[in-house]
Amino acid sequence: MRKSVLLFTLIFTILTLTSCTQRTIDETSIQGSITIETYASVSTQTTTSDSETAPVYSTIETSDSTVTTTPDSDAETTAVVETEVSADYTITDYEATMYAINSVNVRQFPDADSDRIGHLDKGDSVNVTGIVSNGWYRIEFKGGEYFVNGRYLSDIYEEDEEVTTTVATTTATTAATTITTTISTVTSTATTTASDEDVDIDDEVDVDEIVSQLGSNSYTALNYSTVKAVWFAYLDIDNMLAGATKAEFTESVSEAFSYVESLGFNTVYVHVRAFGDAYYYSNYYPFTSAYSGTVGDKPSYDPLEIMIAEAHKLGLSFHAWVNPMRTTTKKNFESMSSSYTLKQWYSSSSTNGTYLVYDSDTGYYWLSPAYSAVRELICAGIAEIVSNYDVDGIHIDDYFYPTTDESFDKLAFSVSGSSDLSQWRRDTVSQLVKEIYSTVKSCNSSVLFGVSPQGNLDNNLNKLYADVELWCSTTGYLDYIVPQIYYGYNGSLPFDTTAVQWENLVTSSSVKLICGIAAYKVGTTTEWSSGSMLSKQTDYISTLSGYSGCAYYRYSSLVASSSDTLLAGEIAGLIKSLASY
């Protein structure tokens, strides 16, 4: 985005009439109807949520709308037949073979909140049976017909080139080398038969030792009493980083941050580790493949330094967003340097399957928090960020346990002495959260630590094993919590009712409650096409005394094109609501 585009967007947003009540969907809109003539270009459409490119391991069990497919069984295969799905969607019958361009969820209905049926791996072929008016595709899957976000299907599949990667080993600092050696020693002495010491969750990570070697940071963090935040997911950052020079990346970041600041935001949650990687110079995690396509291949500049500097120039609080447990795919591990602990765990038969566990449902390897060595690596990575960079907060989201399957950590549980798997998992996650909090505070007491769990309280407790009630009622776990209340008002989890549930849940005076709002849903259903949903939800939260602000997912979903009058109207209303909050 160039400055002229930014200026145009701001002017257009402010001048657009906010009385628009129904979105007109066509080929040029962000969630446009995909016709037979244009379906092949769907891979360039803007996505509404990064959860579809990295399949989530639990789903919200309700949807804002009920979609029922009624295909015309008498239609000829060559005919184009309009099939009613609901008031929100229509489907054009069509037959084609297409390919997944990334790992993507398969949903019961064409909606990111619909029940998850399974997923496609990158390169999987599917039989397409219909094109939905909101840009999703109907496909044959597991003996039925379900839906995939069309952003991640293509009619052409090209094999990835085999890349032989030589990654230069970073000259680590003495502190980082010492910690890595400690973690690696645990790895090298691990056996296929774990001991109680290996898996005991009470065997706490020595945070003081980590901090004493990495050092503390005297920077005074910038944070606000009323938080008006926006998430910058890895997808947003990847678009700026891919192949960019330092000047190009700086310009892109500056314009993006300037734009959100002009809307009235004062805080950004920015992805700095999404898949066991780093968008900064790290001694523990390889540089993200987003820059060149190869894991570990980093630019001559440090993206995190630039992002923090540009945010602070504008008075924006910068929170580094980390996914602590999710790592990467088999392919990326194969090309990763063996200098990294993650690669050593991947290569060892003792730790591949215990410390690091492959989840076939998501297609990624996940770290198991049951092991102190794993939590030590996670905390060392957090300490590295807080000690070396002037961040204002550390932020993690809802990526905890990827599955409820007991096989994920069967060995660790079997020697834990516990008889309740669910409670044991909650305890391990709570232990990790507590140790991250302690790490952050030991490195810099002014830096905040927060978590963004799902809005669905039952999912948090019983699918992700995140004991949010404990964290929100007891000191020593969090400074703030941002539940993803990504709902409208018509489903079984209404936005206002759920918001009050969370307000009642947060009882510790030391924990701030911030409401997560789904900007990415604008225009996806009739309810979300009112033209005023973002401002309506913001205004409601501002009336609840238990809340200290709102956060919006995500940046790209708040950038209106010249033809997107619905989103422009939403943004115009949001500007007013943020200004009065």
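This passage describes the overall make-up of a predicted model, three helix arrangements and several individual residues.

The model is predicted, and local features were taken only at pLDDT of at least 70, side-chain atom pairs only at pLDDT 80 or more, while totals for chains, interfaces and linings use all residues. Residues are numbered from 1 along each chain as its sequence is written, and side-chain values use heavy atoms, with hydrogens and water left out.

The protein chain contains 17 helices and 19 strands; helices (H or I, at least four residues) and strands (E, at least two) are DSSP runs numbered from the N terminus. Of its 581 residues, 59% are buried, where buried means under 20% relative accessible area, exposed over 50% and partly exposed in between (1.4 Å probe, protein chains only). Contacts are defined by heavy atoms within 4.5 Å. Among contacts in the protein chain with a separation of 6 or more, 75% are between residues 24 or more positions apart.

Helix 5 spans residues 234-241 and is mostly covered, with seven of its eight residues buried. The buried residues are Tyr234, Leu235, Asp236, Ile237, Asp238, Met240 and Leu241. Their cover includes two strands, strand 9 (227-232) and strand 10 (267-273), together with helix 6 (246-263) and helix 7 (303-313). After helix 5 comes Gly243, which has a positive phi near 65°.

Helix 16 (residues 533-542) packs against two other helices, helix 17 and helix 15. Axes are lines fitted to C-alpha atoms, for helices over the stretch in contact, and angles run from 0 to 180 degrees between N-to-C directions. The axes of helix 16 and helix 17 (residues 565-580) come within 7 Å and cross at roughly 20°. Helix 16 is therefore roughly parallel to helix 17, the class for angles under 35 degrees (over 145 is roughly antiparallel, 65 to 115 roughly perpendicular and the rest oblique). The crossing of helix 16 and helix 17 is right-handed; a crossing has this hand if the near helix is turned clockwise from the far one by less than a right angle, and is left-handed if anticlockwise. On the helix 16 side, the contact is made by Met533, Leu534, Ser535, Thr538 and Asp539, which meet Glu570, Gly573, Leu574 and Ser577 of helix 17. By class, these residues comprise three nonpolar, four polar and two charged. Ala, Val, Leu, Ile, Met, Phe, Trp, Tyr, Cys and Pro count as nonpolar, Asp, Glu, Lys and Arg as charged, and the others, Gly among them, as polar.

Helix 15 (residues 495-505) packs with helix 16 at an angle of about 30°, and the two axes are 11 Å apart. This crossing is also right-handed. Phe495, Asp496, Ala499 and Val500 of helix 15 are in contact with Gln537, Tyr540 and Ile541 of helix 16. Five residues of this contact are nonpolar, one is polar and one is charged.

Backbone geometry was examined at several loop positions. The peptide bond joining Tyr553 and Arg554 is cis, with omega about -5°. Arg554 lies in the loop between strand 19 (549-553) and helix 17. Lys142, although not a glycine, has a positive phi near 50°. It is placed in the loop between strand 6 (136-141) and strand 7 (144-149) and, at 63% relative accessibility, counts as exposed. Tyr465 is likewise a non-glycine residue with positive phi, near 60°. Its loop runs between helix 13 (457-462) and helix 14 (468-473), and Tyr465 is buried, with a relative accessible area of 3%.

Three further residues were located within helices or strands. Thr428, in helix 12 (residues 421-443), is buried at a relative accessible area of 0%. The side chain of Thr428 reaches the backbone oxygen of Arg425 at 2.7 Å. The C-alpha atoms of Thr428 and Arg375 are 9.7 Å apart, with their positions 53 residues apart in sequence. Ser212, in helix 4 (residues 207-214), is exposed at 54% relative accessibility. Ser212 and Ser442 are 230 residues apart along the chain, and their C-alpha atoms are separated by 9.2 Å. Phe147 belongs to strand 7 and is buried, with a relative accessible area of 1%. From Phe147 to Val128 the C-alpha distance is 9.4 Å, at 19 residues apart in sequence.

Key. A polar contact is a pair of N or O atoms within 3.5 Å; within protein, one must be able to donate a hydrogen and the other to accept it, and residues adjacent in sequence count only if both atoms are side-chain atoms.
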